[in-house]
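Welcome, and please load the model in your viewer. We will go from one selection to the next, with a short note at each stop.

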Amino acid sequence: MVGNTESTRSADGIRAVISGTYSTGKTTTATALSIATGLPLINALSAREILVDLYPGRRFQDMSAEELMALGLRRFEERCRAEAELLVGGSFISDGSVLNEWIYATVRRKIGINPGASLWHQVLKIIAGIPFAPFFGIYTRAFGQVARIHAATYYTHVVHLPVEFPMDSDGHRPVSERYRKISDRDIREEFARLDIPSATIGGSHVQRVAQIAAHLGLPLVMPAGDAVVQAAQTIRASREAVARRIIEQQQSPSVGERLRLATRF
């Protein structure tokens, strides 16, 4: 465990972010930590949950820049609302942060808006996006300014989870390993610039929960192992429900439709 400040010894006013990129175990760790410590959990809707409501039937690899921006803004709005509601109590554990949605947008700007799609699909998207690149840059910079101010105002601690696990092969991850590597680096660097007390903690889910609780000075109301089991059951049920909705909505686009979707930005 590597931290840059002393751990606090009171749960009052702890607004801790469990940070990291895709498939680093954020949701399991944050949910289990909430259960184990009794602190409320900020659990904004996942990209998949938002997708089935915003754009029913749309595949991640077919999304346009406009649709991806709408998805990111929806997640940002959800998270800000949930955090504002829990500020009354003074403390929370957050699964991810407002910086995630912004960093994910900046990385797409660097390597392409559909990094999880096939190579030919990505090339077509890059070509189609050339006229829009200047605006996309302006948008991401403006988004970043707002996200930074929010993070600096609301968060008291950051725990970053490194990339230790392979990406979940559930067929719905709209990213690549290159995307994961770059976004992991950028998230860490942005939090460092904000000078929020931080630590990087790895290991199994049980080890993480125990170490994070100790780092934050939070007593456990449930053993870490039991909390991880309960968290895994809760998350599995939620993801299965979303997966069923995706299957119900999804349709295989024709060759012509795939080409049309691939050539729009």
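Buried means under 20% relative accessible area, exposed over 50%, and partly exposed in between (1.4 Å probe, protein chains only). Helices (H or I, at least four residues) and strands (E, at least two) are DSSP runs, numbered from the N terminus. This is a predicted model, in which local features need pLDDT of at least 70, side-chain atom pairs count only at pLDDT 80 or more, and totals for chains, interfaces and linings use all residues. Residues are numbered from 1 along each chain as its sequence is written, and side-chain values use heavy atoms, with hydrogens and water left out.

Start with helix α2, residues 47-54. Ala47, Arg48, Glu49, Ile50, Leu51 and Val52 are buried there. With six of its eight residues buried, α2 is largely enclosed by the rest of the structure.

Next, select strand β5, residues 157-160. His157 and Val159 on one side are buried, as are Val158 and His160 on the other, so to speak a strand covered on both faces. Strands pair if DSSP finds at least two bridges between them. Add β2 (residues 15-19), which runs parallel to β5 and is joined to it by four bridges; isoleucine 18 stands opposite valine 159. Then add β6 (residues 198-200), also parallel to β5, with three bridges; here threonine 200 is the bridge partner of histidine 160.

Finally, show α3 (residues 65-86) and α6 (residues 133-154). Which residues of α3 meet α6? They are Met69, Gly72, Leu73, Phe76, Cys80 and Glu83, where contact means heavy atoms within 4.5 Å. Among their partners in α6 are Phe136, Tyr139 and Phe143.

Conventions:
Axes fitted to C-alpha atoms, helices over the stretch in contact; angles between N-to-C directions.
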